Amino acid sequence: MEKWKTIKSEYHFKTPFGNLRKDMCQLPNGAIIDDYFVHEYEDWVNAIVLTEDKRVVFVEQYRHPGQGFYLEIPAGKIEEGESHEEGILRELREETGFISTTKPIKLGEFMINPATQTNRIVTFLILDAFKECEQELDETEEIEVKLISFDLIEEMIQEQKITQLFSVSAYYLAKNILNKSIVLTSEKR
């Protein structure tokens, strides 16, 4: 297999949230795609945030494209000059008022949708979180914070009470790390 060649690119629009670009591409077999649309976004971050009493910090908010309310883990886009770790800690504080003095554990970096988007999501596990301040929401945000026992999350996923894909995958990544850590701790005794 070979990469496609970009013959020409033009922007249909640019916004602070993201850009829409139209590329003309030549495939390795010589075929031409005149209008391949690409969504350019900054990287996103999210985290499974576990409190000292083993509850997960969720946010519930209305999502217009989905036409409903969704239970999700804290997440957001990276600001200019910010590391992924700094970004998730800022988003956590702004969306929920929670912080942690424990360094976030990186669970992975994943392409959102490489067929149409340029960005990645970087997923973290944050332990020992506690409420430090009030939410610092943008005027377009209305977010309700929910604390849910870690032991109930899988059942809520199976019952379709948590349906946001990144929240589901982050939960299973965190569960895997936490299970390994419990096994490793047990083995040391």
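Phe-58, in this predicted model, is in contact with a set of residues that lie beyond four places from it in sequence, namely Leu-71, Glu-72, Ile-73, Glu-144, Val-145, Lys-146, Ile-148, Ile-153 and Ile-162. Two of these partners, Ile-153 and Ile-162, appear again together with Phe-58 when one turns to the largest nonpolar core, which holds 19 residues and in which Ile-48, Val-56, Phe-58, Ile-153 and Ile-162 touch the most other members. Two or more residues of this core come from each of strand 4, strand 5 (55-63), helix 2 (153-158) and helix 3 (165-188), and helix 3 gives the largest share, with 5 residues. Apart from this core there is a second, separate one of 12 residues, whose members include Ala-47, Val-57, Ile-88 and Leu-92. In soluble globular proteins, nonpolar side chains tend to be buried together.

Strand 4, which contributes to the largest core, deserves a closer look. This strand spans residues 44-51, and because 7 of its 8 residues are buried, strand 4 is largely enclosed by the rest of the structure. In a regular strand, the side chains alternate between the two faces of the sheet.

The pairing of strand 4 can be followed through two partners. With strand 7 (residues 75-77), strand 4 pairs in the antiparallel sense over 3 bridges, and here Trp-44 has Lys-77 of strand 7 as its bridge partner. With strand 10 (residues 120-131), by contrast, strand 4 runs parallel, the two being joined by 7 bridges; in this pairing, Asn-46 finds its bridge partner in Thr-123 of strand 10.

Note on methods. Residues numbered from 1 in each chain as written. Predicted model: local features only at pLDDT ≥ 70, side-chain atom pairs only at ≥ 80, totals over all residues. Heavy atoms only, no water. Buried < 20%, exposed > 50% of the residue type's maximum accessible area, 1.4 Å probe, protein only. Helix = DSSP H or I, 4+ residues; strand = E, 2+ residues; numbered from the N terminus. Pairing = 2+ DSSP bridges. Core = buried A, V, L, I, M, F, W, Y, C linked by side-chain atoms within 4.5 Å. Contact = heavy atoms within 4.5 Å.
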